[in-house]
Amino acid sequence: MSTPTTALPTTSSHGPRRRLQALSAAAVVGLALTLCTTTAPAQATELVPQTDAEAEQFLDDRAAEDPSTLDRESVPEGISVEQAKKAVAKTDELTPADVEYAAAQEDLPASGVPGDFYETPDSLPSEDGTVLKQADSEFYLDPVKLIKHDAKSTVFMYKTTDEKGQARAATATLLTPNGASGHADDAVVISPGTQGVADKCAPSRQLGMGTEYEGISVASALAAKHPVVVVDYMGLGTEGTHHFVNRVEEGRSVLDAARAVQQVEGSEIDEDTKLQLRGYSQGGHATTAALELQKEWAPELNIASASAGAVPVDLHKTVSGLSSVYTAFALYGVVGFAEQADIDTSDFLNEKGQKMVAETADKCTVEALLSTAFTNGKSLTKDGESFTDIIDEHFTDIVDRQRLGKAAVPDVPLLVNHSRLDDVISFDQGKELASTWCRAGHKVAFEDNLGPTHLGGYVAALPRIETFTTRTFAGKAPLDSCWRL
């Protein structure tokens with residue numbers, strides 16, 4: 001499998017240059033199967049595994065990487081070299097490329113979007129899905145910014161409403177494939193996976209920095225000539241708190257972005273455009289939430305199909321099953337629950353826990369996972385309780401409100417994909433969601449795969465998602481898996 005050999009640009013700083021050189025094309029490809037994927041170059045399909053065997057080979061290649069290559073300049077601030085080497089040596093999910101990636105992010109400039117763009121206007125309109133402003137943006141496929149996608153990229157801000165009924169401004173990005181003109185027959189709306197909770201982690205910012213792992217899905221859809229909308233979610237990039245995996249706020253963010261994009265200057269999407277909602281992990285949660293809210297919140301949208309992957313249907317079960325590799329995810333969740341319940345985290349976290357929360361809140365997914373990997377959650381709580389115990393004691397109602405599968409969804413073709421080797425969200429959650437939709441009378445394609453780990457399942461599913469997308473946009477029914485669920 002070939003990789004580009006384009007030379008890296010020079011820079012006046014030897015430290016940043018050395019870090020960026022480590023992000024070679026090979027490292028970019030490897031990142032597609034780990035805690036953060038940067039995406040493929042222009043010939044993206046050549047770098048995305050097309051079979052389970054190729055995905056397994058990628059992971060085998062990464063497992064062979066030597067952690068001894070790490071040094072001080074390769075490791076993110078706040079993590080010792082020895083800690084990084086131990087983390088890499090303990091698990092196949094963390095490799096030197098991941099550490100190099102997180103370190104390189106410290107030296108990258110901001111995206112091309114003006115910083116003041118994300119400021120909320122003094123007043124907001126009454127109608128949800130109203131465009132407030134827009135700006136040209138960029139979409140790079142790598143953090144060295146060597147590979148710029150030729151899609152036209154526009155970031156836009158729109159009005160939405162949070163769970164408490166408060167008017168909010170949110171942002172999203174429209175990417176239009178090169179050469180497209182006139183009315184768009186179809187478009188893909190991507191709900192991104194976990195980005196972090198800091199404003200700098202918003203996909204619209206990371207797309208312009210070349211650090212957005214959803215770039216793989218974006219590039220895949222653009223290659224099929226579909227316009228793409230990438231949602232930021234409330235509180236990511238814009239004013240206010242991002243409530244991690246909040247069903248109502250995620251779903252409304254997605255639906256109102258799909259409304260607003262029709263008003264964006266230069267957009268080819270209108271009320272007749274067929275929409276596919278697509279998401280994986282947190283994005284699968286948001287996609288499913290949007291489906292459940294659509295009839296009530298945005299019945300006018302022309303949703304033609306939906307693809308939801310590795311959906312955390314039951315957050316209590318998800319948090320309970322997380323290994324210490326993914327402590328950052330548990331922290332994002334517990335802190336978000338505390339915010340929604342108006343409970344101070346000092347009520348249940350000790351000094352170490354509060355410090356880790358503060359540090360994690362300012363880091364995007366890769367860096368947050370690296371800095372908290374193998375931290376026992378019980379060491380962060382006042383009474384040595386687990387995060388599951390904390391949820392049971394304080395947040396049962398909050399968690400129950402995020403439960404999916406209880407509400408009706410549109411009668412459109414549905415795809416549920418999930419790796420049997422998922423180490424973050426248990427495979428049975430995806431199968432149960434598909435079964436629930438089948439029992440409700442929907443035609444559901446359930447696609448399991450053997451992509452190693454949570455992110456491996458994401459990459460392994462992409463070819464099947466594109467086949468499903470092509471067929472459903474053409475009005476063809478997907479294979480129905482309900483008979484075997």
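Biologist: Let's start with the cavities. Which residues lie nearest the centre of the second largest cavity?

Modeller: T194, Y213, S281, H454 and L455 do, out of a lining of 15 residues. Keep in mind that this is a predicted model. The volume of this second largest cavity is about 130 Å³.

Biologist: Which helices should I look at to find its walls, and which one gives the largest share?

Modeller: Look at α14 (365-372) and α18 (453-473), as each supplies at least two residues of that lining. The largest share comes from α18, with three residues.

Biologist: And how does the lining of the second largest cavity divide by class?

Modeller: It has nine nonpolar residues, five polar ones and one charged.

Biologist: How many cavities of 30 Å³ or more are there, and what volume does the largest have?

Modeller: The count is seven, and the largest has a volume of about 170 Å³. Its lining also comes to 15 residues, with F244, V245, L315, T318 and F329 nearest the centre. Two elements give two or more residues to that lining, α11 (315-321) and α12 (327-341). By class, the lining of the largest cavity has ten nonpolar and five polar residues, but no charged ones.

Biologist: We have now met α12 and α14. At what angle do they pack?

Modeller: At about 110 degrees, with 7 Å between their axes. An angle of 65 to 115 degrees counts as roughly perpendicular, so α12 is roughly perpendicular to α14. On the α12 side you will find T327, A328, F329, L331 and Y332, which meet T365, A368, L369 and T372 in α14. That contact has six nonpolar and three polar residues, and no charged ones.

Biologist: How do α9 and α10 cross?

Modeller: Helix α9 (residues 247-260) and helix α10 (residues 282-297) cross at roughly 70 degrees, and their axes come within 7 Å. They are therefore roughly perpendicular to each other. Among the residues in contact are R247, E250, V254 and R259 of α9, and H285, A289, L293 and W297 of α10. The residues of this contact divide into eight nonpolar, four polar and six charged.

Biologist: Now the sheet. How should I think about strand pairing?

Modeller: The general idea is that strands of a sheet pair through backbone hydrogen bonds, in a parallel or an antiparallel way. Here nine strands form an open sheet with mixed pairing, in the order β1-β2-β3-β5-β4-β6-β7-β8-β9. At the edges are β1 (131-136) and β9 (444-449), each pairing on one side only. On average, neighbouring strands are turned by 20 degrees against each other, direction ignored.

Biologist: In which sense do β4 and β6 pair, parallel or antiparallel?

Modeller: Strand β4 (residues 186-191) and strand β6 (residues 274-280) pair in the parallel sense, over six bridges. To find your place, look for S191, which stands opposite G279 in β6.

Biologist: Which strands do α8 and α9 touch or lie across?

Modeller: Helix α8 (residues 215-223) lies across β3 (167-176), β4, β5 (228-231) and β6, running at about 165 degrees to β5. Helix α9 packs on the sheet as well, touching β1, β2 (152-161), β3, β4, β5 and β6. The direction of α9 makes about 120 degrees with that of β2.

Note on methods: Residues numbered from 1 in each chain as written. Predicted model: local features only at pLDDT ≥ 70, side-chain atom pairs only at ≥ 80, totals over all residues. Heavy atoms only, no water. Axes fitted to C-alpha atoms, helices over the stretch in contact; angles between N-to-C directions. Helix = DSSP H or I, 4+ residues; strand = E, 2+ residues; numbered from the N terminus. Parallel < 35°, antiparallel > 145°, perpendicular 65-115°, else oblique. Contact = heavy atoms within 4.5 Å. Nonpolar A, V, L, I, M, F, W, Y, C, P; charged D, E, K, R; others polar. 1 Å grid on protein atoms, 1.4 Å probe; cavity = no way out; pocket = protein on both sides within 12 Å on 5 of 7 lines; lining within 4 Å. Points joined across faces, edges and corners; volume = space filled by probe spheres on them. Pairing = 2+ DSSP bridges.
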